[in-house]
Structures are given as structure tokens and as C-alpha cells.
Protein chains: 2
Amino acid sequence: MKKTLNLVVQEIKKKGIQLSHQRLKILEYLINHLNHPTAQEIYCSLIKEMPTLSKTTIYNTLDLLEEHQIIKKISIENQEAHYDFIYQDHGHFKCNVCQKIFDFKISVDAQPIQELQGFSITKQSVYFQGTCISCLKV
Amino acid sequence: MKKTLNLVVQEIKKKGIQLSHQRLKILEYLINHLNHPTAQEIYCSLIKEMPTLSKTTIYNTLDLLEEHQIIKKISIENQEAHYDFIYQDHGHFKCNVCQKIFDFKISVDAQPIQELQGFSITKQSVYFQGTCISCLKV
DNA sequence: GTTCCTGCAAAAGCTTTGCAGAAGA
DNA sequence: TCTTCTGCAAAGCTTTTGCAGGAAC
């Protein structure tokens, strides 16, 4: 995971973006927590070691990282946005019983979809809901 | 379209839900506007003929219809939710150039997805972003 | 008469904006 | 020095809640 962080840091610096202490910590958090944290969750965790950290900085950084396609902003539901470090394209499945969110690989191509012939897809979100296998067994 | 409305009204009444004037108008709006309206859009349109209509009623009704799987709440982005009358399962594609939202048919089955073996999918949202064919040509 | 529905007002929650001070190049 | 970043405070928006009056059964 350390390796991934370093790679991403290099990638970001190449783009001429300054990586302040705050930004680095937020990025690190996202890489180490692939369970779709919210801005609030990131804030609550980082405030412990950075007592002056503000939510504004969290939002600024998340927007910045999203603009540069380092992370993805996903709307699971409600008003609260979740953020995902992009390590591969994947969909999300939320179990309505245990509330857990599962990831799964997706490989969708625009070409087989008749209505999207010739379209260019740059971002894809796939979100399912239902009951996971463990909860079905109970 | 009139036929669809009547069918849905029957379906709802069968479930023992009262269909007040307000609820009927909101439902009618959703059936006649399949372009993913927001609560605000529905409100702005209906307030003209129902000056006392409140946003609370809109939200109450939308929640009610969603609970009974008549409509689907979708999070395209931002804080504002969009609502979709369920006439068939379909995904959404938003063009980042012209901002238009396109619909396309989807037929996803849990079984080919390794990570979701044995899961039960009751709701699915597929949302793509990119550039549509018209904007690519320009 | 009892239950459900409507809608005003207020509150709640997430996100954005303005701005001044601090940090970095 | 000049640009960029941080973070407080306030505002902006969407959505939810409490509650009283009204409608439906």
C-alpha cells in the first residue's frame, strides 16, 4: 500500500499540484480506507492527529483529487457523498439488511449498448442494492 | 400514457394507499416527465395549478411512491435527488458537454458477477458520464 | 370518531463561499 | 514578493421533523 501511495504522490507532483501535509494525510487516508468514506469520516479520523484541520480543507482537497481523477465521488444515497480512491473500476452493492457495502469488478463497454453507440464513457458508477448471501441464509 | 397512469393508479389503490389530488398530480407529473425531475422541478410545475401545494407533500409523496417501488430515487450528483418513474430498468448517461441525460436499457444479472454469487439484487443504478456522439462530432 | 393527509415553520445536515492570515515558491 | 493553501465563520441548499388544522373513511 505504501508503494501505491508513493506512486500516486509522484503522479500528482508531476501535475504540478502542491502536496501539503493536510492533502497528503487525506490522500493517505483514502488509499488506506477503500470502504467509501464520507468527508465526515475522514475529518473525524484526521482531526485526532491534526487538531486544526478544517472541513473546508477536506472538501477542497477532495474536489482537487476528484478533478485530477485520483478519487471518485459517489452518491450512494442521501445527501452525503462518499469518496473512493480509484484503484480499479468497480461497482458497489449495498445489503439492505446488514448495511454493508460490497465491491465488485465491472467491465462495461459502451459498444454493446445500443443507445450509447459512438459515445465516449469516461466515468461509470454502478450501484446495486439487495440482500447479500450471508443475510439471505439467516 | 393515459393507460399507464390508470394502470398505476389501480396498482396503488390495490395496495390500500389513498390517492389524494396532490398525490395523483405528482404521480401524473412523473409519468409524463421521464427526464428525471427533481423535487424542485415537480414543485415549480405543480404550484401553478395548486398554489397551496407544499414541498413537504412532494417529499412525502415521493418517499411513499419510492417505498412501493413505483418510482426510483437516483443520485446523479450533488445533493439534489432525481426521481424516475419505473417503466423499465434503465441506466443513465450524462454528457458532460451538453449536460443532457440519456437513458439506455440495462440487463444486469448478478450471476455472471463473481463477487455477487448468490446475492439477491432488488435495485440497480447504473450511471455513466462522458461525451455523447453529437458533442464528439463537433 | 378515528385515522390519515397536508402544509407552514423551523430545524437539521451537507456543502460552498468570502475572506484574512499563514505557508510555500 | 507573489502565489497558493488553510481554516474560521457564515451562508446556501436540499431534506426532514413537529405540529395543528383539515379531509377521508
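**Contacts with DNA strand D and side-chain pairing in the predicted model**

Of the 17 residues around DNA strand D, those that come nearest are Ser20(A), Arg23(A), Ser54(A), Tyr59(B) and Ala81(B). Within the part of DNA strand D that comes within 4 Å of the protein, sugar and phosphate account for 74% of the atoms. The structure described here is a predicted model, and the distances and angles reported below are to be read with that in mind.

The surface near DNA strand D draws on both protein chains, with α2 (21-32) and α4 (55-67) of chain A and α4 (55-67) of chain B each supplying at least two residues. Among the contributing elements, α4(A) gives the most, with three residues. When the residues of this surface are sorted by class, four are nonpolar, 11 are polar and two are charged.

Individual polar contacts with DNA strand D involve a base, a sugar or linking position and a phosphate in turn. A polar side-chain atom of Thr56(A) is placed 3.1 Å from a base nitrogen of the strand, whereas for Gln79(B) a backbone N or O atom lies 3.3 Å from a sugar or linking oxygen. Ala81(B), which is listed among the residues that come nearest to DNA strand D, places a polar backbone atom 2.8 Å from a phosphate oxygen of that strand.

His82(B) is found in strand β2 (residues 82-85) of chain B, and His82(B) counts as buried because its relative accessibility is 14%, the limit for that class being under 20%. A polar atom of the His82(B) side chain lies 2.7 Å from the backbone oxygen of His36(B).

Turning to aromatic side chains, a search of the whole structure finds eight aromatic pairs over all chains. One of these is formed by Phe102(A) and Phe119(B), whose rings are edge-to-face at 5.1 Å centre to centre with 85° between the planes. This pair crosses between chains, running from Phe102(A) in strand β4 (residues 101-105) of chain A to Phe119(B) in the loop between β4 (101-105) and β5 (120-131) of chain B. The two partners fall into separate accessibility classes, since Phe102(A) has a relative accessibility of 21% and counts as partly exposed, while Phe119(B), with a relative accessible area of 9%, is buried.

A pair with the chain letters exchanged is formed by Phe119(A) and Phe102(B), whose ring centres are 5.1 Å apart and whose planes stand at 85°, so that this pair is edge-to-face. Here the crossing between chains goes from Phe119(A), in the loop between β4 and β5 (120-131) of chain A, to Phe102(B) in strand β4 of chain B. Phe119(A) is buried at 9% relative accessibility, and Phe102(B) is partly exposed at 21%. An aromatic cluster is also found, in which Phe93(A) joins Phe102(A) and Phe119(B).

Aromatic rings further take part in contacts with charged groups. In chain A, the charged end of Lys55(A) sits over the ring of Tyr43(A) at 5.7 Å from its centre, and in chain B the charged end of Lys55(B) sits over the ring of Tyr43(B), 5.7 Å from its centre.

Side chains of opposite charge can pair when their charged atoms come close. The search of the whole structure yields eight salt bridges over all chains. In one of them, the side chains of Lys25(A) and Glu49(A) meet with an N to O distance of 3.6 Å; because Lys25(A) lies in helix α2 of chain A and Glu49(A) in the loop between α3 (39-46) and α4 of that chain, the pair ties together parts that are 24 residues apart in sequence.

In chain B, Lys25(B) forms a salt bridge with Glu28(B) at 3.9 Å, N to O. These two residues are three residues apart in helix α2 (residues 21-32) of chain B, and are therefore separated by about one helical turn; Glu28(B) is partly exposed, at 23% relative accessibility. A further salt bridge in chain B joins Glu66(B) and Lys123(B), with an N to O distance of 3.6 Å. Since Glu66(B) belongs to helix α4 and Lys123(B) to strand β5 of chain B, this pair ties together parts that are 57 residues apart in sequence. Both partners count as partly exposed, Glu66(B) with a relative accessible area of 26% and Lys123(B) with a relative accessibility of 21%. In chain A, salt bridges that share partners join Lys25(A), Glu28(A) and Glu49(A) into one network.

Methods
Residues are numbered from 1 along each chain as its sequence is written. Chains are lettered from A and ligands numbered from 1 in the order in which they are written. This is a predicted model: local features need pLDDT of at least 70, side-chain atom pairs count only at pLDDT 80 or more; totals for chains, interfaces and linings use all residues. Side-chain values use heavy atoms; hydrogens and water are left out. A residue is near a molecule or strand if one of its heavy atoms lies within 4 Å of it. A polar contact is a pair of N or O atoms within 3.5 Å; within protein, one must be able to donate a hydrogen and the other to accept it, and residues adjacent in sequence count only if both atoms are side-chain atoms. Helices (H or I, at least four residues) and strands (E, at least two) are DSSP runs, numbered from the N terminus. Ala, Val, Leu, Ile, Met, Phe, Trp, Tyr, Cys and Pro count as nonpolar, Asp, Glu, Lys and Arg as charged, and the others, Gly among them, as polar. Rings of Phe, Tyr and Trp (its six-membered ring) pair if their centres lie within 6.5 Å; planes under 30 degrees apart count as stacked, over 60 as edge-to-face and the rest as tilted. Buried means under 20% relative accessible area, exposed over 50%, partly exposed in between (1.4 Å probe, protein chains only). A charge sits over a ring if NZ of Lys or CZ of Arg is within 6 Å of the ring centre and within 35 degrees of the ring normal. A salt bridge is a side-chain nitrogen of Lys or Arg within 4 Å of a carboxyl oxygen of Asp or Glu.
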